[in-house]
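Take a look at the structure below. This short report follows its charged pairs and its helix contacts.

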Amino acid sequence: MNPASPAPVAQAPAATLPAPHGNGAVIPRSEPVNLRDLGGIRSGAVAVQRGVAIRADDLSYITDEIADLLVTGGLAAVIDLRSPGEVGLTGRGPLAAHAVAYHHLPLMGDIGASVDSEAPVLTHEVMGEMYVGMVERAAPMLVTALNIIAYTPGATAFHCAAGRDRTGVLAAMLLLALGVSDEEIIADYAKTGPNMPAIQQRTSAVVGPLLLGMGFDYEELMRRTRLDDGPMDVSMRILIDRLRGRYGSALAPLQSAGLSDATIARLRERAIA
């Protein structure tokens, strides 16, 4: 698998992953469909190096073959941005069998907390405002994540469920710290757009039962979304503009939570070619 390009949805998963709580549920193992190395993104006249930071959709139910490929390719650490409920459903998955550091840094306490059955339709604008709140509330987690990436002697992969929202927020904070322009950050975020049908297919086996257990109808929620309407770059543009407008710098909430100049310098030393 080439981390620079998403893999197709596996039509016939090689195996299933039993849910950790022993409730009889099984989760089909499959290749990630929204995985990419952030290497190659421009930061001024230079580029981010490959093999430092990889963003992905859920890595907890990948196949053994994909886990082997990631480790062979230099993966040294995983940052899991999912909620405790999501982690409780699937565990760490096949990467737990490898010498890969694992860090659970949930950017929200419960995915159900972000779901309001009475809320209006979910749009790119609504997502952008949600990202702003995520940065403000979870700044300490994001600072920890950036320190992990800065000091891990190898590649760090970070993921949530879809590799879009929580993963997109961390990717944006990392790229901001590396001095990448707003337009490059927004362009990276928007690369997830074409992958959304495959992402929804892959994650439904996990997210559907999880939401159902919280009293939400997954299919009804999907009908209330408008995330297929128009370009998704709106969400990331709102995040960056709102943070800069409120604080003067989009990184200010993280700096207030402990992001140091030394960590930013270390990130640039590692990641800027």
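Asp80 and Arg82 are both buried (under 20% relative accessible area; exposed is over 50%, partly exposed is in between, with a 1.4 Å probe and protein chains only). The two form a salt bridge, meaning a side-chain nitrogen of Lys or Arg within 4 Å of a carboxyl oxygen of Asp or Glu. The whole structure has 13 salt bridges.

This is a predicted model, in which local features need pLDDT of at least 70, side-chain atom pairs count only at pLDDT 80 or more, and totals for chains, interfaces and linings use all residues. Residues are numbered from 1 along each chain as its sequence is written, and side-chain values use heavy atoms, without hydrogens and water.

Here are three of the bridges.

| Acid | Base | Closest N and O atoms |
|---|---|---|
| Asp80 | Arg82 | 2.8 Å |
| Asp64 | Arg29 | 2.8 Å |
| Glu136 | Arg246 | 2.7 Å |

Asp64 forms a salt bridge with Arg29. This pair links distant parts of the chain, 35 residues apart: Asp64 sits in helix α1 (residues 64-72), and Arg29 in the loop between β2 (26-28) and β3 (36-37). Helices here are DSSP runs of H or I with at least four residues, strands are E runs of at least two, and both are numbered from the N terminus. Asp64 is partly exposed, at 41% relative accessibility. Arg29 is buried, at 13%.

Glu136 pairs with Arg246. That bridge joins helix α3 to helix α9 (residues 233-247), across 110 residues. Glu136 is partly exposed at 32%, and Arg246 is partly exposed at 49%. Elsewhere, salt bridges with shared partners join Arg36, Arg55 and Asp188 into one network.

Now the helices. How do α5 and α6 pack? Helix α5 (residues 166-177) and helix α6 (residues 182-190) meet at about 155 degrees, with axes 10 Å apart. Axes are lines fitted to C-alpha atoms over the stretch in contact, and angles run from 0 to 180 degrees between N-to-C directions. The two helices are therefore roughly antiparallel, a term for angles over 145 degrees. Contact means heavy atoms within 4.5 Å. Gly168, Ala171, Ala172, Leu175 and Leu176 of α5 touch Asp182, Ile185, Asp188 and Tyr189 of α6.

Helix α5 also meets helix α3 (residues 124-137), where the axes come within 10 Å and cross at roughly 65 degrees. Tyr131, Met134 and Val135 of α3 contact Arg166, Val169 and Met173 of α5.

Definitions and conventions: Angles under 35 degrees count as roughly parallel, over 145 as roughly antiparallel, 65 to 115 as roughly perpendicular and the rest as oblique.
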